[in-house]
Amino acid sequence: MADVTNGLEARIALGGSSDLRRFAPALASIIVFGIFCTALPPVAAGETFRFVWPWIPALGIDLSFVVDGLALTFALLITGIGALVLLYTAAYFQKHPGLWRLLTLLGLFELSMLGLVLADNLIVMFVFWELTTITSFLLVGFDHDKADARAKALQALLVTAAGGLVLLAGLILLGALAGTYEASALPALGDMTRGDPMYVVVFALVFVGAMTKSALIPFHFWLPNAMAAPTPVSAYLHSATMVKAGIYLLARLMPALGGTELWFWTLTLFGGTTAVLASVWALRQSDMKLALAHTTVMALGTLAMFLGGGTVYALAGAAAFLVVHAFYKASLFLVVGIIDKQTGTRRIEELGGLGRRMKLTWAITLLAALSMAGVPPLMGFIAKELQYEAALGAASSPFLVAGFAMAANAMMVAIAANIALRPFLGRTTEATAAASEPPFAMWIGPAVLALGGLLFGLFPDVLGDFLVEPTISAKAGEPTEITLKLWHGINVPLMMSVVTLAGGGIIFFAATAIRKRLAAAEAGGLWDAERGYDRALGGLKATAMWQTQLIQNGRLVHYVWWTLVSFAVLLWSAIVIGGGIGVPTLPSLAVVEWALLGLIAFAAVAVPLTQSRTTALLSLGILGAGIALLFVLYGAVDVAITQLLVETLVVVLIAVALLRLPRLRLPRGSAAPGVAWGRLGLSALVGTGVGVGLLAVLATPFDRTITDFYDAASVPDAFGRNVVNVILVDFRALDTYGEIAVVVFAALGALALLRVKPAKEPSGDQA
């Protein structure tokens, strides 16, 4: 039997508590759920609610939210299941010191998901998308004193955040292509977006973002690893929230991006392959929680596959399966948490005979598992019938879609039977000897969800009229009608269901042998996407180490060298790509001007060639003074005065610093002629690049748009006639404040360095 003291969840006592405040988050979620329920009749009648507040009008970004069939279905699942999970959490973690931290994170996670599914503006949706990434990271890593929890949380963060960046690019391109960021406006623009040459790029970027969030192959590995999270988090994460965000995104954007061969084949192949392989790997698991995690990946693949179909039955199958999966998956996760709490283990081979001690828990498990297996009269049966009807009606490849669906569903039957029968039947084991029923707050949630699957199966019209039909109407972008029935007579989908149940039964009885073969294949080096992730992360770390050793070697001169090289490459690349500036016409210069240019050039060459700090400092002073004299010759006296003051101050400060610096020997080789001429060459490359760049800028026609704005706005908006001062103090106040702060911090750093006294001054003279 697993050591009860090893896991976070096993450390939490079951004793009662008089503190009812811990149930407040669940109550709040129930109230929000009730508010959304009031929107069911009007939304079912075809009404849509939209709320808009200006945010960034100049960029076409508003805080806009919409409540239609699709958004309402997700909102009800998020708040309804969220309330039950919060109730369960309050009992499950009632004596844990981190209870309120967990409840707070779950509440923030729920709000983030609500914002995501209700947002109408694509940029606002992305903001909430990333908030779910952050909150899920904190939830998966809740038990942060365990290295495994931290590693798995980081993995989930890296994968989903990287996908989020790709998605952002896709959403920006889609908004630019459609001319709007409002998702509610996209259905009318579908033909235009699909016909644009950028359609393929936009679709690829959006799909990659959805893949990472909803764990489609090859990004599927992070989701089972997220089982490092506590059981209530896993139940919420897998049933109603984050992992279905990618599916929601595809459904929301289907009117704009769907209906093409690219859409159909991409979603069908990735979704179907994910569903089948995840089901196979679920059979490999003896940990019930991990097996359920893999079945979630199967469900996400199935949803993606049927969203690719685009037919009414495909959309109805996806909508119905979305709801039924949320019900049975949350229920089973919570039940597994109960079993783990009461026995100290989740491994099937260590359990047995629980049915004699936990009859209520067994009844709940059976009901949820029957829905998962698709047995009538549960709602899972109706969803499976819709899937098979949609598979047979697939326009391009009905046999491929049907094969994917039947194979995955047959394995779901076996896994459901494993969870519902093996822990509860047979002889009592050491782990189950002292098991008993959990308190009310822990079993009521899974019981409500399991009964929901039964009630929706017995009364499918309620689900169809109020959830499925409005959902598929929102997906399709137009009103759609469909009737859900428990019995359609003897037809091909029914026969497919019978074959699925029979196949699942065979797999169930062969489950032990299958698990051993899969374990052997895994030990034999079977390809695993997570190994690719580990190698990629290792390669990234190795590259960072190599880059750090190459560039950041601790020498300031080295940093300056690399900075100037990078600047020169970028500058000259821009000049060459921009076509250069041609051959400029040089003005005729007076003798005094040539003399000053010669002096400046001599000082500029002396700085990189000299090996003496004093000589370099004097050369810099001469260079600055020469430039100031040029300003005087051209009438810019105020600029010349500023230049002279700055140069004088710099020379004084550096001279003072030199007095405090230790006398160090030059690094070996730094005095070599080649090094000095290399410094001169780099300086010439950067200097000429800046000069050529300035000439190119001056050759460009001057656009006075910004200048005219400042001229017109200075007096009425900022009450100042000195435009330069107004720009610095008012229009760019934060910039100016930041620049002042940078100077202050730099001065403090310099002061700290000057106050450092070395323990022993090395010998040698560098002056």
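**Close-up 1. Aromatic pairs across the model.** Searching the whole structure turns up 19 aromatic pairs. One of them brings F264 and W265 together edge-to-face, with 5.1 Å from centre to centre and 80° between the planes. The two partners differ in cover: F264 has a relative accessible area of 7%, so we call it buried, while W265, at 31%, is partly exposed. Keep in mind that everything shown here comes from a predicted model.

**Close-up 2. W362 and F424, a stacked pair.** Here the rings of W362 and F424 are stacked, 5.8 Å centre to centre and with 10° between the planes. W362 sits in helix α15 and F424 in the loop between α17 (398-421) and α18, so this pair ties together parts that are 62 residues apart in sequence. F424 is buried, with just 1% relative accessible area. W362 has 21%, which makes it partly exposed; the buried class needs under 20%.

**Close-up 3. A ring cluster and the surroundings of L257.** Y199, F203, F207, W263 and F270 are linked into a cluster by ring pairs. Two of these names come back when we turn to L257: setting aside neighbours within four places in sequence, L257 is in contact with L174, R194, Y199, V202, V206 and W263.

**Close-up 4. The largest nonpolar core.** In soluble globular proteins, nonpolar side chains tend to be buried together. The largest nonpolar core of this model has 185 residues, and I81, L116, L122, W222, L253, L257 and V468 are the ones that touch the most other members. Helix α14 (residues 312-343) supplies the largest share of this core, with 21 residues.

**Close-up 5. R50 and D120, a bridge within a network.** Side chains of opposite charge can pair when their charged atoms come close. The whole structure has ten salt bridges. In one of them R50 meets D120, with 2.7 Å between the closest N and O atoms. This pair links distant parts of the chain: R50 belongs to strand β1 (residues 49-56), D120 to the loop between α4 (99-118) and α5 (122-140), and the two are 70 residues apart. R50 counts as partly exposed because its relative accessibility is 40%; D120, at 2%, is buried. There is a third player too, as R50, D120 and E182 are linked in a network of salt bridges.

**Close-up 6. R252 and D68, a bridge between buried partners.** R252 forms a salt bridge with D68, and the closest N and O atoms are 2.7 Å apart. Distant parts of the chain meet here, with R252 in helix α11 (residues 245-257) and D68 in the loop between β2 (61-67) and α3 (69-92), 184 residues apart. R252 is buried at 10% relative accessible area, and D68 is buried as well, at 10% relative accessibility.

**Close-up 7. R704 and D708, a bridge between partly exposed partners.** The side chains of R704 and D708 meet in a salt bridge, 3.2 Å from N to O. R704 is partly exposed, with a relative accessible area of 40%. D708 is partly exposed too, at 38%.

**Close-up 8. Backbone oddities between α8 and α9.** The loop between α8 (199-213) and α9 (222-225) holds P218, and the peptide bond leading from I217 to P218 is cis, with omega near 10°. A215 is also in the loop between α8 and α9. A215 isn't a glycine, yet has a positive phi of about 55°. With 0% relative accessibility, A215 counts as buried.

**Close-up 9. A cis bond between two prolines.** P376 and P377 are joined by a cis peptide bond, with omega about 5°. P377 lies in the loop between α15 (359-373) and α16 (379-392).

**Close-up 10. F719, an exposed residue with positive phi.** F719 is no glycine either, but its phi is positive, about 60°. Look for F719 in the loop between α28 (705-718) and α29 (723-731). F719 is exposed, with 73% relative accessibility.

**Close-up 11. A nonpolar patch on the surface.** L451, L455, L458, F459, V462 and F466 make up this patch, and together they have about 540 Å² of accessible area. α18 (440-458) and α19 (460-476) each supply at least two of its residues. The most come from α18, which gives three. F459 sits in the loop between α18 and α19.

Note on methods: Residues are numbered from 1 along each chain as its sequence is written. Side-chain values use heavy atoms; hydrogens and water are left out. Patches are made of residues with over 30% relative accessible area and no salt bridge: like charges are joined within 9 Å, nonpolar side chains (Val, Leu, Ile, Met, Phe, Trp, Tyr) within 5 Å. Accessible areas come from the Shrake-Rupley method with a 1.4 Å probe; for residues, only the protein chains shown count as cover. A salt bridge is a side-chain nitrogen of Lys or Arg within 4 Å of a carboxyl oxygen of Asp or Glu. Helices (H or I, at least four residues) and strands (E, at least two) are DSSP runs, numbered from the N terminus. A nonpolar core is a set of buried Ala, Val, Leu, Ile, Met, Phe, Trp, Tyr and Cys residues joined through side-chain atoms within 4.5 Å. Buried means under 20% relative accessible area, exposed over 50%, partly exposed in between (1.4 Å probe, protein chains only). Contact means heavy atoms within 4.5 Å. Rings of Phe, Tyr and Trp (its six-membered ring) pair if their centres lie within 6.5 Å; planes under 30 degrees apart count as stacked, over 60 as edge-to-face and the rest as tilted.
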